[in-house]
Amino acid sequence: MLEMTAASARRTAVAAQGFGGRRSTGAATRARVVGAVGRTGLLQLDSVSVAVRAHYMPVFSRIGGYDRDLLDAAAWRHTAAKPRALVEYWAHEAALIPIEDWPLMRWRMRRYAHGRWAGEKRVLERNPTLGRDVLAVIAEVGATSAGEVERHLEIESGGRRGPWWGRSDVKVVCEQLFAAGELSVGRRVAFTRHYDLAERVLPADLLSTDIGEDDAIRELVRRAGRALGVATASDLRDYYRLAAAETRPALADLVDSGDLQPVTVRGWDEPAYLAADARTPRRPAGTALLSPFDPLVFCRPRTERIFGFRYRIEIYTPAHKRVHGYYVFPFLHDGDLVARVDLKADRAADALRVPGAFVEGGADAGAVAEALAVELRSMANWLGLSDVVVGERGDLAAKLAAQL
């Protein structure tokens, strides 16, 4: 069996995620933006916008500055000249995925037909006709938010709230219909989902494509392997949130076909699998700020195993108990995680604020500060902010402030 060093596995994992290549110095094209998503397979969605919304950042981390409207248009607008390239669904979590991957999720949609979780099922049980009513409204008015659906239902019921549902029930049912594949997201307005019938969002050929559960899961595991480069079975499962029992036969098939090769990685406590097309650079490469939800780091056990970097998001931790800050970005430099910075886009002050900056043990603080300053200026410029302001928290703050 092939054996890899921990360092070569790290270089393989970073390269598989699209780091180490040329980054844009000018305006990136739509094709390059969509290509970056194709490389990772998904972009996790999250509502926190203290610095920049989670789905925008991984593309910037990989290709550099780009017009965020290119990503918006690829996901939430469709024209004959520029067809929709991305679509929302439950992948790792709520995520944007390449639109051609939608049939790979049909088995999951079937599982969610009667509710994705217990609360949804209870809402459906006490509102047996609400789903039909929601679909009727959306069929008539087009892409619509849950709040607008409720207002339409109230108008139809004479201005009174319906006897079977309240506002939260309408939102829950919209989400259930989205999970079941009957609705998709036609557009977003101020990050609010506007649901539309799936047949009006997705091309007919994708809607008519039915991939069996076993085949779909095998393909998702293969794609996870390609996106991760080298990974344990638990890493592969986590990427698309698959269960161990359904992943086990897929792994066996992919090993038999040569798509995955079993390997041992020195220092890892689990067997691993190397993707057939994985590249292991001779030298470490890749420098970028990473969103907390970047696919390189969103599996926290894998991040700790590969980089020795223990990361926990502290948004829900009381301020006086936070170790590093509210919304902390790991900093990848020369293929390793060497620092972390708490970031906030302060539009009123026209500045990217860095309340805290922390170097990882063993890293050269001066070299890290110099490289990090370049990335922070680049990020500020991409966000349309003219300044970078460093606070006093953290053992890297003083050196970083001096660089800026």
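## Exercises on strands, cores and voids

The residue that D346 bridges to in β13 is A351. The model is predicted, with local features needing pLDDT of at least 70 and side-chain atom pairs pLDDT 80 or more, while totals for chains, interfaces and linings use all residues. Residues are numbered from 1 along each chain as its sequence is written, and side-chain values use heavy atoms, leaving out hydrogens and water.

**Exercise 1.** Place the bridge of D346 in its sheet.

*Solution.* Begin with the elements: helices (H or I, at least four residues) and strands (E, at least two) are DSSP runs, numbered from the N terminus. Strands β12 (residues 336-346) and β13 (residues 351-359) are antiparallel and joined by seven bridges. Two strands pair if DSSP finds at least two bridges between them. Next, take the whole sheet: it is open, has mixed pairing, and its five strands follow the order β10-β11-β12-β13-β14. Its edges are β10 (288-289) and β14 (387-393), each pairing on one side only.

**Exercise 2.** Describe the surroundings and partner of strand β3 (residues 86-90).

*Solution.* Start with burial, where buried means under 20% relative accessible area, exposed over 50% and partly exposed in between (1.4 Å probe, protein chains only). Five of the five residues of β3 are buried, so the strand is largely enclosed by the rest of the structure. Then consider direction. In a regular strand the side chains alternate between the two faces of the sheet. In β3, L86, E88 and W90 point one way, and V87 and Y89 the other way. Last, find the partner: β3 is joined by five bridges to the antiparallel strand β4 (residues 94-98). The two strands make a hairpin with three residues between them, and W90 has A94 as its bridge partner.

**Exercise 3.** Characterise the largest pocket and the largest cavity.

*Solution.* First, the terms. On a 1 Å grid over the protein atoms alone, a cavity is a set of points where a 1.4 Å probe fits but cannot get out; a pocket is an open set with protein on both sides within 12 Å along at least five of seven lines; lining residues have an atom within 4 Å of a point. Grid points are joined across faces, edges and corners, and a volume is the space filled by probe spheres set on the points.

Second, the pocket. Its volume is about 200 Å³, and its lining includes W90, A94, K171 and R188. This lining divides into four nonpolar, two polar and six charged residues (nonpolar: Ala, Val, Leu, Ile, Met, Phe, Trp, Tyr, Cys and Pro; charged: Asp, Glu, Lys and Arg; polar: the others, Gly among them).

Third, the cavity. The whole structure has one cavity of 30 Å³ or more, and the largest holds about 40 Å³ of space. Among its lining residues are L228, Y239, F298 and R302. Helix α13 (residues 233-239) supplies the largest share, three residues.

**Exercise 4.** Locate M379 within the largest nonpolar core.

*Solution.* A nonpolar core is a set of buried Ala, Val, Leu, Ile, Met, Phe, Trp, Tyr and Cys residues joined through side-chain atoms within 4.5 Å. The largest has 118 residues, of which Y66 and M379 touch the most other members. Helix α16 (residues 365-382) gives this core its largest share, ten residues. Not counting residues up to four places away in sequence, the contacts (heavy atoms within 4.5 Å) of M379 include A51, F60, F329 and L352.
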